[in-house]
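This report describes the cysteines, the sheet, the helices and the aromatic pairs of a single protein chain. The sequence and the model are shown first.

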Amino acid sequence: EFEAWWNATSFKNVRYEGVIPNHHLIPFLQQFDIAVCTYAHAAVGIEAMHPAPTKAGDAIAAGCILLCSNQPYLLELVEKYKIGFVYSEATRSEVCQQVSRLTGAELSQFKHNVKVAFRHCSMDQGAAELIRCLN
(Lines give C-alpha, C1' and ligand atoms only; values in the text may rest on other atoms or scores of the structure.)
Protein backbone atom coordinates (compact mmCIF):
# COMPACT_ATOMS: atom_id res chain seq x y z
CA GLU A 1 0.00 0.00 0.00
CA PHE A 2 2.67 2.50 1.01
CA GLU A 3 4.75 1.85 -2.12
CA ALA A 4 1.71 2.38 -4.36
CA TRP A 5 0.89 5.66 -2.61
CA TRP A 6 4.53 6.80 -2.76
CA ASN A 7 4.80 6.06 -6.49
CA ALA A 8 1.60 8.01 -7.13
CA THR A 9 2.92 11.16 -5.44
CA SER A 10 4.80 13.98 -7.09
CA PHE A 11 8.19 13.24 -5.54
CA LYS A 12 9.99 12.96 -8.88
CA ASN A 13 13.50 13.36 -7.44
CA VAL A 14 12.91 10.91 -4.58
CA ARG A 15 12.27 7.21 -4.94
CA TYR A 16 10.97 4.67 -2.47
CA GLU A 17 13.42 1.78 -2.07
CA GLY A 18 11.37 -0.34 0.29
CA VAL A 19 12.94 -2.19 3.19
CA ILE A 20 16.71 -2.38 3.02
CA PRO A 21 18.29 -5.19 5.06
CA ASN A 22 20.66 -3.94 7.76
CA HIS A 23 23.71 -5.54 6.15
CA HIS A 24 23.03 -3.57 2.94
CA LEU A 25 22.26 -0.23 4.58
CA ILE A 26 25.75 1.30 4.82
CA PRO A 27 26.74 0.40 1.21
CA PHE A 28 23.38 1.76 0.06
CA LEU A 29 23.81 5.06 1.92
CA GLN A 30 27.37 5.47 0.60
CA GLN A 31 25.86 6.24 -2.82
CA PHE A 32 24.57 9.59 -1.49
CA ASP A 33 26.05 12.83 -0.17
CA ILE A 34 23.19 13.68 2.21
CA ALA A 35 20.97 11.52 4.39
CA VAL A 36 17.64 12.80 5.64
CA CYS A 37 16.92 11.79 9.24
CA THR A 38 13.46 12.91 10.26
CA TYR A 39 11.92 12.23 13.64
CA ALA A 40 8.73 13.32 15.30
CA HIS A 41 9.14 14.73 18.78
CA ALA A 42 6.96 11.90 20.06
CA ALA A 43 9.14 9.07 18.70
CA VAL A 44 8.19 5.46 19.32
CA GLY A 45 10.09 2.20 19.35
CA ILE A 46 13.88 2.13 19.43
CA GLU A 47 14.10 5.86 18.65
CA ALA A 48 12.19 6.61 21.86
CA MET A 49 14.33 4.26 23.94
CA HIS A 50 17.70 5.55 22.71
CA PRO A 51 18.53 9.26 22.57
CA ALA A 52 20.68 8.77 19.43
CA PRO A 53 18.58 7.74 16.45
CA THR A 54 20.00 4.74 14.67
CA LYS A 55 19.43 6.38 11.27
CA ALA A 56 21.81 9.21 12.14
CA GLY A 57 24.47 6.75 13.27
CA ASP A 58 24.11 4.74 10.05
CA ALA A 59 24.30 7.91 7.96
CA ILE A 60 27.48 9.05 9.72
CA ALA A 61 29.04 5.59 9.35
CA ALA A 62 28.29 5.80 5.62
CA GLY A 63 29.92 9.23 5.37
CA CYS A 64 26.70 11.15 4.69
CA ILE A 65 26.00 14.74 5.64
CA LEU A 66 22.97 14.92 7.94
CA LEU A 67 19.80 16.79 7.10
CA CYS A 68 17.69 16.24 10.17
CA SER A 69 14.78 17.41 12.23
CA ASN A 70 15.43 19.60 15.25
CA GLN A 71 15.69 16.95 17.92
CA PRO A 72 17.96 18.18 20.73
CA TYR A 73 20.45 15.30 20.43
CA LEU A 74 20.68 15.68 16.63
CA LEU A 75 21.04 19.45 16.91
CA GLU A 76 23.89 19.02 19.40
CA LEU A 77 25.62 16.44 17.20
CA VAL A 78 25.33 18.53 14.02
CA GLU A 79 26.50 21.71 15.75
CA LYS A 80 29.37 20.05 17.63
CA TYR A 81 30.90 18.40 14.56
CA LYS A 82 29.55 20.70 11.80
CA ILE A 83 28.21 17.69 9.90
CA GLY A 84 24.98 18.92 8.38
CA PHE A 85 21.80 20.90 8.72
CA VAL A 86 18.96 20.91 11.22
CA TYR A 87 15.51 22.11 10.23
CA SER A 88 12.24 22.84 11.95
CA GLU A 89 8.77 23.32 10.54
CA ALA A 90 9.47 27.06 10.33
CA THR A 91 12.92 26.77 8.70
CA ARG A 92 12.64 23.80 6.35
CA SER A 93 12.36 25.87 3.15
CA GLU A 94 15.35 28.03 4.13
CA VAL A 95 17.42 24.96 5.01
CA CYS A 96 16.53 23.28 1.70
CA GLN A 97 17.71 26.39 -0.12
CA GLN A 98 20.99 26.33 1.85
CA VAL A 99 21.55 22.70 0.89
CA SER A 100 20.77 23.34 -2.78
CA ARG A 101 23.37 26.16 -2.86
CA LEU A 102 26.25 24.12 -1.42
CA THR A 103 29.43 24.51 -3.43
CA GLY A 104 31.73 21.60 -4.12
CA ALA A 105 34.20 22.92 -1.55
CA GLU A 106 31.50 23.24 1.12
CA LEU A 107 30.22 19.73 0.36
CA SER A 108 33.77 18.38 0.67
CA GLN A 109 34.26 20.17 4.01
CA PHE A 110 31.02 18.72 5.42
CA LYS A 111 32.01 15.22 4.27
CA HIS A 112 35.45 15.66 5.86
CA ASN A 113 33.76 16.71 9.12
CA VAL A 114 31.55 13.60 8.99
CA LYS A 115 34.65 11.39 8.67
CA VAL A 116 36.29 13.16 11.61
CA ALA A 117 33.14 12.79 13.73
CA PHE A 118 32.87 9.10 12.88
CA ARG A 119 36.54 8.46 13.68
CA HIS A 120 36.24 10.40 16.93
CA CYS A 121 33.21 8.42 18.01
CA SER A 122 34.20 4.98 16.75
CA MET A 123 37.98 4.59 16.69
CA ASP A 124 38.71 1.34 18.51
CA GLN A 125 35.46 1.67 20.41
CA GLY A 126 32.88 -0.32 18.41
CA ALA A 127 29.23 0.33 17.63
CA ALA A 128 28.07 0.55 21.25
CA GLU A 129 30.53 3.37 21.90
CA LEU A 130 29.41 5.13 18.71
CA ILE A 131 25.85 5.22 20.05
CA ARG A 132 27.12 6.51 23.43
CA CYS A 133 29.24 9.14 21.71
CA LEU A 134 26.28 10.34 19.65
CA ASN A 135 24.29 10.93 22.84
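No disulfides are found: the count comes to zero. Cys68 takes part in no disulfide, and the nearest cysteine sulfur, that of Cys37, is 6.3 Å away. A disulfide requires a pair of cysteine sulfur atoms within 2.5 Å, so the separation of 6.3 Å between the sulfurs of Cys68 and Cys37 does not satisfy the criterion. Cys68 counts as buried because its relative accessibility is 0%. Cys96, by contrast, is partly exposed, with a relative accessible area of 47%. The model from which these values were computed is a predicted one.

**Overall organisation**

The protein chain contains eight helices and three strands. Read from the N terminus, its elements follow the order α-α-β-α-α-β-α-β-α-α-α. Of the 135 residues in the chain, 34% are buried. Among contacts with a separation of 6 or more, 52% are between residues 24 or more positions apart.

**The sheet**

The three strands are arranged as an open sheet in the order E1-E2-E3, with parallel pairing. Strand E1 (34-37) and strand E3 (84-87) are the edge strands, each pairing on one side only. On average, neighbouring strands of this sheet are turned by 15° against each other, direction ignored. In general terms, strands of a sheet pair through backbone hydrogen bonds, either parallel or antiparallel.

E1 and E2 pair in the parallel sense over four bridges. Strand E2 (residues 65-69) also pairs with E3 in the parallel sense, over four bridges. Individual positions show how the strands are aligned. Val36 stands opposite Leu67 in E2, and the bridge partner of Leu67 in E3 is Phe85. For Leu66, the bridge partner in E3 is Gly84.

Is strand E2 enclosed or open to its surroundings? Five of the five residues of E2 are buried, so this strand is largely enclosed by the rest of the structure.

**Helices H2, H6 and H7**

In helix H2 (residues 22-29), the buried residues are Leu25, Phe28 and Leu29. These residues lie on the same side of H2, because they cover an arc of only 85° around the axis. Helix H6 (residues 92-100) lies across E1, E2 and E3 and runs at about 165° to E3.

Helix H7 is the location of His112, a residue that is partly exposed, with a relative accessible area of 41%. His112 and Gly63 are 49 residues apart along the chain, and their C-alpha atoms are separated by 8.5 Å.

**Aromatic pairs**

The count of aromatic pairs comes to two. The rings of Phe28 and Phe32 have centres 5.3 Å apart and planes at 65°, so this pair is edge-to-face. Phe28 counts as buried, at 19% relative accessibility, whereas Phe32 counts as partly exposed, at 32%. The cut-off for buried is under 20% relative accessible area, so Phe28, at 19%, falls on the buried side of that limit.

The other pair, formed by Phe85 and Phe110, is tilted, with 5.1 Å centre to centre and 45° between the planes. This pair links distant parts of the chain, since Phe85 is in strand E3 and Phe110 is in helix H7 (residues 104-122), 25 residues apart. Both rings belong to residues that count as buried: Phe85 at 11% relative accessibility and Phe110 at 15%. Phe85 is also the bridge partner of Leu67 in the sheet, and thus Phe85 appears both in the strand pairing and in the ring pair with Phe110.

The geometry of the two pairs is set out below.

| Aromatic pair | Centre distance | Angle of planes | Class |
|---|---|---|---|
| Phe28 and Phe32 | 5.3 Å | 65° | edge-to-face |
| Phe85 and Phe110 | 5.1 Å | 45° | tilted |

Note on methods
Residues numbered from 1 in each chain as written. Predicted model: local features only at pLDDT ≥ 70, side-chain atom pairs only at ≥ 80, totals over all residues. Heavy atoms only, no water. Buried < 20%, exposed > 50% of the residue type's maximum accessible area, 1.4 Å probe, protein only. Helix = DSSP H or I, 4+ residues; strand = E, 2+ residues; numbered from the N terminus. Arc of directions from axis to C-beta. Pairing = 2+ DSSP bridges. Axes fitted to C-alpha atoms, helices over the stretch in contact; angles between N-to-C directions. Contact = heavy atoms within 4.5 Å. Phe/Tyr/Trp six-rings, centres within 6.5 Å; stacked < 30°, edge-to-face > 60°.
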